[in-house]
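Biologist: Got a minute to go through this model with me? I'd like to start with one residue and work outwards.

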Amino acid sequence: MVKLSGFADEIDDNFENQLKGLKENDIEYIEVRGVNGKNISVLTQNEMDGAKKLLDLYKIKVSAIGSPIGKIKITDDFDEHLKVFDNVIASALTLDTKYIRMFSFFIPDNQYKQYRGEVMRRLAVLLERATKKNLVLCHENEREIYGESPELCLDIMQEFNGGIKFVFDPANFIVGGFEPYPEAYDLLAGHIEYMHIKDAGETGIVPAGFGKGKIKEILSDLILNRNFDGFLSIEPHLSVFTGIDELEGEGKKNMIVKNKFKSKPEAFAAAANALKDILSGIKK
């Protein structure tokens with residue numbers, strides 16, 4: 001059985017409200033990124049301990065640390081970034097998860113070949129530090145980083161021979177100009193450890209199944225043919241339109257404003273329900 005998780009900082013900045021929101025959506029895991037308005041990478045140990053107490057109180061487990069590691073320029077100071085990484089490692093250990101989501105550095109002017117060596121050197125250092133703590137690095141595809149295209153994501157997976165796992169994000173491939181399925185999926189299916197569930201179409205980011213991500217096809221193959229039982233982490237990125245009530249007005253209650261929601265909790269619920277609908281149609 002796959003396990004549902006989510007970026008609950010898209011429900012609320014307040015960490016306790018995030019956990020309440022997950023409970024309301026029957027989700028038992030969280031991918032921790034923002035805690036009380038602060039990124040997970042800059043929390044103090046006391047703040048991490050406080051988050052763990054709330055997690056235990058609400059009986060929510062952590063699927064992964066949604067870290068910003070590797071989301072800096074390849075020319076930025078790496079030694080300073082390693083200090084941030086050490087704090088991310090501390091958060092993973094404190095919050096009791098083995099997974100750390102990370103990236104492969106922004107590359108200037110599409111100079112992927114020129115910077116490949118430095119990218120791999122840095123990733124090797126990160127991997128060594130994580131492995132010493134029995135933690136697993138999961139690389140996410142992202143626009144304008146080294147691992148932007150399916151081919152370069154595969155390059156990273158092959159370079160580290162499975163030491164770094166893959167987070168498949170269909171919407172990020174779409175935004176980067178790539179086809180998530182079958183193009184990216186066929187190349188990377190064997191390396192997928194973790195899924196980010198967000199979709200994209202002509203109107204921007206949309207709930208799963210409403211865009212071009214072919215999320216149902218991807219999940220069907222993962223679950224039915226590859227026995228995938230990992231995490232599906234909901235990352236809504238949906239627009240909240242605070243003036244929708246005034247816009248709809250009297251007599252227009254049935255008007256649909258695409259990709260617009262009255263509140264963050266409503267947007268998250270829409271994203272969660274879209275994924276649940278897809279899963280309900282996949283029979284093993």
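Modeller: Let's start with Ala171, which is found in helix 6 (residues 170-175). Helices here are DSSP runs of H or I with at least four residues, strands are E runs of at least two, and both are numbered from the N terminus. One caveat: this is a predicted model, so local features need pLDDT of at least 70, side-chain atom pairs count only at pLDDT 80 or more, and totals for chains, interfaces and linings use all residues. Also, residues are numbered from 1 along each chain as its sequence is written, and side-chain values use heavy atoms, with hydrogens and water left out.

Biologist: Fine. Is Ala171 buried or exposed?

Modeller: Ala171 is buried, with a relative accessible area of 0%. Buried means under 20% relative accessible area, exposed over 50%, and partly exposed in between, using a 1.4 Å probe on protein chains only.

Biologist: And what does Ala171 touch?

Modeller: Leaving out residues up to four places away in sequence, Ala171 touches Lys198, Asp199, Ala200 and Ile205. Contact means heavy atoms within 4.5 Å.

Biologist: How far is Ala171 from Val88?

Modeller: They're 25 Å apart, C-alpha to C-alpha, and 83 residues apart in sequence.

Biologist: Let's zoom out. How many helices and strands are there?

Modeller: The protein chain has 10 helices and 14 strands. Its C-alpha atoms fill a box of roughly 60 × 45 × 40 Å along the principal axes.

Biologist: What about the radius of gyration?

Modeller: The chain has 19 Å, which agrees with the value near 19 Å for a compact globule of 284 residues. That radius is taken over C-alpha atoms, and the globule rule is 2.2 Å times the number of residues to the power 0.38. Buried residues make up 52% of the 284. Among contacts between residues at least 6 apart in sequence, 75% join residues at least 24 apart.

Biologist: Which residues touch the most other members in the largest nonpolar core?

Modeller: Ile30, Leu123, Leu126, Met195, Leu219 and Leu232, out of 86 residues in that core. Helix 10 (residues 264-280) gives the most to this core, with eight residues. There's a second, separate core of eight residues, including Tyr29, Ala64, Cys138 and Phe231. A nonpolar core is a set of buried Ala, Val, Leu, Ile, Met, Phe, Trp, Tyr and Cys residues joined through side-chain atoms within 4.5 Å.

Biologist: Take Leu123. What does it touch?

Modeller: Beyond residues up to four places away in sequence, Leu123 touches Met102, Phe103, Ser104, Phe105, Ile156, Phe160 and Ile164. With that same cut-off along the chain, the contacts of Tyr146 include Ser104, Phe105 and Ile156.

Biologist: Where is Tyr146?

Modeller: In the loop between strand 7 (136-140) and helix 5 (150-159). Tyr146 is buried, with a relative accessible area of 2%.

Biologist: Any odd backbone? Which residues have a positive phi without being a glycine?

Modeller: Asp109 is one of them, with a phi of about 50 degrees, and it sits in the loop between strand 6 (99-102) and helix 4 (112-132). Asn161 also has a positive phi of about 50 degrees, in the loop between helix 5 and strand 8 (165-168). Asp109 is exposed at 67% relative accessible area, and Asn161 is exposed at 70%. Most residues other than glycine have a negative phi, and most peptide bonds are trans.

Biologist: So where is there a cis peptide bond?

Modeller: Between Tyr181 and Pro182, with omega about 5 degrees. Pro182 is in helix 7 (residues 180-188).

Biologist: Last topic, empty space. How many cavities of 30 Å³ or more turn up?

Modeller: One, from a search of the whole structure. The largest cavity holds about 40 Å³, and Lys198 and Ile197 are among the residues that line it.

Biologist: How do you define a cavity and its volume?

Modeller: On a 1 Å grid over the protein atoms alone, a cavity is a set of points where a 1.4 Å probe fits but cannot get out, and lining residues have an atom within 4 Å of a point. Points are joined across faces, edges and corners, and the volume is the space filled by probe spheres set on them.

Definitions and conventions
On a 1 Å grid over the protein atoms alone, a cavity is a set of points where a 1.4 Å probe fits but cannot get out, and a pocket is an open set with protein on both sides within 12 Å along at least five of seven lines; lining residues have an atom within 4 Å of a point.
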